[in-house]
Amino acid sequence: MISVNDFRTGVTVEIDNDVWSVVDFQHVKPGKGAAFVRAKLKNGRTGAVVERTFNAGEKLPKAHVDRREMQYLYMSDGMYNLMDNENYEQIELSAEQMGDATKFLKENMNIAVMFFQGTVIGIDLPMSVELTVVETDPGVRGDTATGGNKPAKLETGHIVRVPLFINIGEVLRIDTRTGDYIERA
């Protein structure tokens with residue numbers, strides 16, 4: 001059991017036999033009345049985000065989520081094949097189960113796969129990935145970092161806004177949480 005007063009971003013709890021992770025939380029102590037906790041929770045199975053209010057001190061069962069380090073191998077017939085780094089077992093996940101992670105996956109990349117009661121509930125990517133630009137307008141001499149930006153297509157098919165001086169073939173560091181350009185790698 002975990003008290004709602006101990007909520008932190010990323011904590012997983014079980015509500016109505018479903019796993020929910022805390023996206024955002026706020027302890028509220030009004031001038032009049034009892035304190036409460038307002039939290040945004042993300043459903044691990046459906047991805048739906050809801051906002052709920054709990055009384056301060058309320059206890060919820062902690063969801064035990066198993067995180068396994070896996071290596072992305074390849075995609076075949078719309079299914080993503082992953083291999084467990086410990087026992088070398090392979091699993092197949094659909095694009096729906098992978099979610100937005102498909103925008104940043106490169107072959108042989110290590111990712112964390114989260115399981116709840118034997119079912120995959122999510123993918124946890126590294127904070128940033130390095131991807132190569134395969135399509136963009138050519139950079140022009142004199143373009144600066146502060147002059148604006150343009151779209152660039154990356155090797156995974158993801159399109160990101162980049163500074164004007166970026167050219168085809170350059171390797172960029174991309175933030176996997178927002179999908180934004182960080183810097184040249």
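## Pocket lining, ring contacts and salt bridges

By class, the residues that line the largest pocket divide into 16 nonpolar, 16 polar and 8 charged. The model in which this pocket appears is a predicted one, and the pocket holds about 1300 Å³ of space. Its lining comprises 40 residues, and those lying nearest the centre of the pocket are K42, M114, G122, I123 and D124. The elements that contribute two or more residues to this lining are strands β3 (18-28), β4 (36-43) and β11 (119-124), together with helix α1 (95-98). Among the contributors, β11 gives the most to the lining, with 6 residues.

Turning to the ring contacts, the model contains 2 aromatic pairs. One of them is formed by F7 and F54, whose rings meet edge-to-face, with 5.8 Å from centre to centre and 85 degrees between the planes. This pair links distant parts of the chain, since F7 belongs to the loop between β1 (2-3) and β2 (12-15) while F54 belongs to strand β5 (residues 49-55), and the two are 47 residues apart. F7 and F54 are both buried.

Y72 and Y80 also form an aromatic pair, in this case a tilted one, with 5.9 Å between the centres and 40 degrees between the planes. Y72 counts as buried because its relative accessibility is 6%, a value under the 20% limit for that class. Y80 is likewise assigned to the buried class, its relative accessible area being 10%.

A charged side chain also meets a ring in this model: R68 lies over the face of F115, at 4.0 Å from the ring centre. R68 takes part in a network of salt bridges as well, in which it is linked with D66 and D84.

Side chains of opposite charge can pair when their charged atoms come close. In this model the count of salt bridges comes to 9. Three of the individual pairs are set out below, with the separation of the nitrogen and oxygen atoms.

| Salt bridge | N to O separation |
|---|---|
| R173 and E130 | 2.5 Å |
| E170 and R184 | 2.9 Å |
| R177 and D175 | 3.1 Å |

For the pair of R173 and E130, the residues lie in strand β15 (residues 171-175) and strand β12 (residues 128-136) respectively, so the contact ties together parts that are 43 residues apart in sequence. R173 is partly exposed, with a relative accessible area of 22%, and E130 is partly exposed too, at 39%.

The salt bridge between E170 and R184 joins the loop between β14 (159-163) and β15, where E170 lies, to strand β16 (residues 181-184), where R184 lies, so this pair ties together parts that are 14 residues apart in sequence. Here E170 is buried, with a relative accessible area of 18%, whereas R184 is partly exposed, with a relative accessible area of 43%.

In the salt bridge of R177 and D175, which class of accessibility does R177 fall into, and is D175 buried or exposed? R177 is exposed, because its relative accessible area is 60%, while D175, with a relative accessible area of 11%, is buried.

Terms used: Residues are numbered from 1 along each chain as its sequence is written. This is a predicted model: local features need pLDDT of at least 70, side-chain atom pairs count only at pLDDT 80 or more; totals for chains, interfaces and linings use all residues. Side-chain values use heavy atoms; hydrogens and water are left out. Rings of Phe, Tyr and Trp (its six-membered ring) pair if their centres lie within 6.5 Å; planes under 30 degrees apart count as stacked, over 60 as edge-to-face and the rest as tilted. Helices (H or I, at least four residues) and strands (E, at least two) are DSSP runs, numbered from the N terminus. Buried means under 20% relative accessible area, exposed over 50%, partly exposed in between (1.4 Å probe, protein chains only). A charge sits over a ring if NZ of Lys or CZ of Arg is within 6 Å of the ring centre and within 35 degrees of the ring normal. A salt bridge is a side-chain nitrogen of Lys or Arg within 4 Å of a carboxyl oxygen of Asp or Glu. On a 1 Å grid over the protein atoms alone, a cavity is a set of points where a 1.4 Å probe fits but cannot get out, and a pocket is an open set with protein on both sides within 12 Å along at least five of seven lines; lining residues have an atom within 4 Å of a point. Grid points are joined across faces, edges and corners, and a volume is the space filled by probe spheres set on the points. Ala, Val, Leu, Ile, Met, Phe, Trp, Tyr, Cys and Pro count as nonpolar, Asp, Glu, Lys and Arg as charged, and the others, Gly among them, as polar.
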